[in-house]
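Subject: Structure for you to look at

Hello,

Please find the structure below, with the sequence. My notes on it follow.

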Amino acid sequence: MSILSLRRINKKYGQAKVFAVNEVSFDVEEGEILALVGESGSGKTTLLRLIAGLEHPDDGTISLAGQVIVQGKESVPPHDRKVGMVFQDYALFPHLTILENVTFGIAKSKGNPEQLAKDTLKLVGLTEDFKKYPHQLSGGQQQRVALARAIAPNPRILLMDEPFSNLDAMLKDQVREEIRQIIKKTGITAIFVTHDTKDALSTADRIAILHKGYLQQIDIPKNLYETPVNPYVANFFGKRNELLATPSEDGFYTSFGFITDLEAKKYKRQVKLLFRPEHGEVVQREGQQLSGKIVKVSYFGSHQLVKISDDEGFRVTIRTNPGRIFDEVERTFFYLWKYDIEEAF
Amino acid sequence: MDIIRKKYYWWNKWTGYALIILLFVATPLVTILFKLFASPGGSWSHIANNLLYGYFQNTLLLLLGVAALTFLLGVSTAWLVSNYEFPGRRYFEWLLILPLGFPGYIMAYTYVGILDYTGPIQTFFRNTFDISFKGSLIDIMNLPGAIFILSITLFPYVFLISRSSFLQQSKTMQEASFLLGANRTKTFFKIALPMARPAIVAGIALASMEVLNDYGTVKYFGVNTFTTGIFRAWFSMGDATTAIYLAAILMIFVFLILYLESLQRGNRQYSSVNGLNKPTARIEVSMQKKLLYSAICTIIFLISFLIPFLQLLKWVWLTHEKVVNQEFLTLIYRSFGLAAIAGVLIVIFSVILLYALRLSPFKWVKSITKVATLGYAIPGAVIAVGVMIPLLAFDKWVYDALLSARTAGLFLSGTLFALIFAYIVRFMAVGYNPVEAGFQKIGIHVNEASRLLGVRSTKTLWKIDLPLIKTTLFSGILLVFVDVLKELPLTLILRPFNYQTLATKAFDMATNEMIAESANAAVIIILTGIIPIIFLNQMIKKREL
C-alpha cells in the first residue's frame, strides 16, 4: 500500500526563472527505502523539504498515510505531519544532552519518554554517553543520535538529507549497511537524498532519478541499470561507450571491425552501439572479434580499465580483471557480449 | 485516525506580530514624508532666506572635515596596528576604540575646559613661566573646533572597520605584491588601501551619520547646522512644519551618504577569491620606527581619550561631594532604567521580527523587515519630530473624542512613552543586528528539526532558538543600553517636562557654566560605554582567528 503520494508537484523559488521541481509525481510503498538521486540543483533536496512541510509547492497534492497534507494553498504545518528528518548537518540541539535530544520529540502521553529514548539509542548502537553533549561525540555517533531522534517519536515516514556525505570513505560502506538494517528493523518507510549512486544502489529498495527538477525514472536498481528510459539515466551509473556502426544484412561494421548480429538488418541508417565497460571482454587470440591498440591502462585495485583506440584515434573503454598485464601500444582483440542499439540521428 | 488541520501555509501569527511592529516603527518616518507636502509654517520663509544657506554650508563643511580627519586618524592607526610589531601594539588595538565611549558633547566642553584660562595648560604656563594668555589658549568654539572634537570621538569607527579589513586581506596577496618588487609603502597604496576602500568608506559613512545626529557639540560651539535648526524651529519658534522641512532636507543628506556608500561598493568583489585567508604576519621594523609608531598611537590616544578623561576625573574629584547626592543617584537609577527598558524592548521586537523572517519563505518579508532598522541612519532630532507629531495628533483625538475639551493636556506626547518609542525607532538596528547574527550562526536546521519533532513554532523559539542565542540577546541589550545612555538630542526634545537623564543633566550643567560639576554624570556615561567597546573588540578578535 502506498503511504506517501505526490501528484504533479511544482515548485519555483522566488524570482527564479526555472522550476526547482517540475510536475513530479510518484508513490512510496509502506516499509520501503527510496533514494532520491541527482546532481546538485536537480531538485532532490527541495522535494524532501516539500514532503517535510518546510517548503510549500506552487501547486500539486501530497498525501501521507491516506490523508491529504498539501493541496493548493493549504498545508499541514510541519509540527503536525509526524515526519522524521535527519539533516545533512544532523542539526542536533547543542544545548541539550544526547538523551534530551532524543526525548525532545516524544509525546508525554507515550508512557515513559525517557525509557523509549534510551531504547531507541540502543537500537542505533549507542549504549552509553547519554549524558554527553553533541559536540563531545564523533561525527558517526552524532549521526546515530540524529537518526534516533528522528525515529523515536515513531514518525509515519523518515526523511534523510545526504545521510552519508559527511562520512569518510572507510566508514561509509559500514554505515550504509547499518542504517539500512536499523530502518528495516523498525519497519519504517524512508526516503533519502543523495548525489552518490553507490549510496543509492547499496541502501535503497527503489531509486528515483531527478534531473533539472524532472523525475527521470523511478524503479528498482537492476531495472534502472539494465533498462534505462533515457541516456541521462543510463549514463548516471557510469559512462557508457558510444560506438558508431553501419548496419548490414548480418551485422554491424565499426571502426574496430565487424560484429555479427542478425538484429542489424532491422536498421537502415547508421546506429550507435551503447555498452558499459564491463560488457566487453579483452581476449588474446585472433578470431571473430574487434581489434585495436591499447593506449592506456588504469589500475583500480578491484579491476582495470583498458582504453582501446581505433586507427583514427577514437577510443572505447573495456573493463578487465586486475591480474591481467598489458603492454601499452600492444594490439589487442576484444568482443562485446551486451550492447544497446540506438539510431544515431 | 487523527484529523489533519489545514492552514494557509503563508500565514503564521509571527508575520502578524512583525507587521504590527513594523507599522509602529515606520510611523515617524512616514509622518515626516507626509508632512513634507503640507504648506510650510510661518517661519519657513525667514529661515529659508536668512539661515538655510548657513545651515547648508556648515553641515557640509562639518561632514567633509570630519570625513577627512577620521580617515587620516583611523586608517593610519589601523594600518600600523595590523601590520607592524611595536611596543604597546596589542594595547592600542583596543585603547584606540575607547574614544567611541566619549559622547561628542562631553568631549567638546572637556576640551573647552582644558584650554580655558583656569584649565591645566594655562595654569601650568602661568605658574611655571609666568606667561599668561588672554582668554582661551586656542579658540575651539567654532567650525574647525567642532570638526576636531567630532573627529577624535568618531575616528574609531574608521579604525575598527579598516583594521578588520586589513586583517582579512589575504597574506598571499600582499606577499605576491612584495615578490613583484613593491615595498611596504607601495603595497599599502596600491593593494591594501584600494582593497580596504569599501570598508573605509563604510566607516566614514557611519561617522557621517553621527555628525548629522550631533546636536550637543555644534550647539555648544555655536555652529548652526540643520540639527540646531530643527531645535530652533521646534522650540524657539514652535513651528513644527518648518522643523519637518529641515528634517526632510537633513534626510536627503542621509540618503545621499547611504547612496554614495552603496555606489562606491558596486558589484565589485574585494574579498579574496579562495579560502586561504591567512592573516598577514606583522613585520619587525627598526627600533627607531617602532618608537615612532608607538609615539603616533600614544599621541592620538592621549588626545582622543586619556587627557580629556583625566580632566573629567579631576573635576569629579573636585566636585563630587557637592554633586553626588540623593538626587544624582535618582538620576543614575532613572537613566539606567530607561536605557534597560529600551534595550529589552528592542531585543524583544528584534526577536519577533527575525523569527517571522526565519519562518517565512518570502523575500518581501525580508525587505520590509529591513525598514525597522532604518532609524539608525536618521538623526535623533528628525525622529523626535516624527514621533511627536503623530502622538500630538493622537492626544488631540483622544481629548476631542473621549473627554471634554476642558481637560486638555498630555496623554502620550510629553511622556516617557514618547521617549521610549523614539529610542526604539532610533536604536532598533543596534539590537537587531546582533540578534540577526545570532540566528544566522545557529542556522535554520535546529529550528526545523524541532518543528518536525512535533513542537510548535512558539515553543521551539523558547526551547531551542532563544537558549542558543542567549549571549547575543544580552549583547544586543547592552549595546542599546549604552547608546540610549549617551543619546542627547532625542532626549532633549521628547523628555517629559523637567525630566533629567545623565546625558541631559551633563549637557545642561555644561551649558550653564558648570563644566566641572557636569563631569560626574559624564564619567558614568563614559565608563558604561567602555564595557561594550571591550566586548565588541573581543568579538572582532575572535573573527580574526
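Chain A has eight helices and 21 strands as its secondary structure. Please keep in mind that this is a predicted model.

Overall layout of chain A

The domain assignment splits chain A into domain 1, covering 2–236, and domain 2, covering 241–343. Taken over C-alpha atoms, the centres of domain 1 and domain 2 of chain A are 41 Å apart. Along the principal axes, the C-alpha atoms of chain A fill a box of roughly 75 × 45 × 35 Å. Chain A has 345 residues, and 37% of them count as buried. Of the contacts in chain A with a separation of 6 or more, 65% are between residues 24 or more positions apart.

The sheet

An open sheet in chain A is formed by six strands, in the order β7-β8-β9-β3-β10-β11, with mixed pairing. Its edge strands are β7 and β11 (214–219) of chain A, each of which pairs on one side only. On average, and with direction ignored, neighbouring strands of this sheet are turned by 20° against each other. Within the order given, β3 of chain A sits between β9 and β10. Strand β3 (residues 33–37) of chain A runs parallel to strand β10 (residues 206–211) of chain A, and four bridges join the two. One of the residue pairs here is A35(A) with I207(A), the latter being its bridge partner in β10(A).

Two hairpins that share a strand

Strand β4 (residues 59–64) of chain A runs antiparallel to β5(A), with four bridges between them. S63(A) has V68(A) as its bridge partner in β5(A). The two strands β4(A) and β5(A) make a hairpin with two residues between them, and A65(A) in the turn has a positive phi of about 50°.

β5(A) also pairs with β6(A), again in the antiparallel sense, over two bridges. Here the bridge partner of Q71(A) is E74(A) in β6(A). β5(A) and β6(A) likewise form a hairpin with two residues between them, and G72(A) in its turn has a positive phi of about 55°.

Where the chains meet

In the contact between the chains, 28 residues of chain A meet 21 residues of chain B. On the side of chain A that touches chain B, the elements giving two or more residues are β5 (67–71), β6 (74–75) and β7 (83–86) of chain A. The most comes from β7(A), with three residues. By type, the residues on this side of chain A are 15 nonpolar, eight polar and five charged. Two of the elements from above therefore return here: β5(A) and β6(A), the strands of the second hairpin, are both among those that give two or more residues. An edge strand of the open sheet, β7 of chain A, is listed there as well.

Nonpolar cores

The largest nonpolar core has 150 residues, and those with the most contacts inside it are A247(B), A384(B), V385(B), V387(B), A422(B) and I424(B). Helix α7 (residues 143–168) of chain B gives the most to this core, with 14 residues. Which residues is A384(B) in contact with, leaving aside its neighbours within four places in sequence? They are A422(B), P489(B), L490(B), I493(B) and L494(B). A422(B) thus appears both as a contact of A384(B) and among the residues with the most contacts inside the core.

There is also a second, separate core of 76 residues, which includes L48(A), M85(A), Y90(A) and L147(A).

Regards

Terms used. Residues are numbered from 1 along each chain as its sequence is written. Chains are lettered from A and ligands numbered from 1 in the order in which they are written. This is a predicted model: local features need pLDDT of at least 70, side-chain atom pairs count only at pLDDT 80 or more; totals for chains, interfaces and linings use all residues. A nonpolar core is a set of buried Ala, Val, Leu, Ile, Met, Phe, Trp, Tyr and Cys residues joined through C-beta atoms within 7 Å. A residue is buried if 20 or more other C-beta atoms lie within 10 Å of its own, exposed if 12 or fewer, and partly exposed in between; C-beta atoms are placed from the backbone. Two residues are in contact if their C-beta atoms, placed from the backbone, lie within 7 Å. Ala, Val, Leu, Ile, Met, Phe, Trp, Tyr, Cys and Pro count as nonpolar, Asp, Glu, Lys and Arg as charged, and the others, Gly among them, as polar. Domain bounds come from an automatic or database domain assignment. Two strands pair if DSSP finds at least two bridges between them. Axes are lines fitted to C-alpha atoms, for helices over the stretch in contact, and angles run from 0 to 180 degrees between N-to-C directions.
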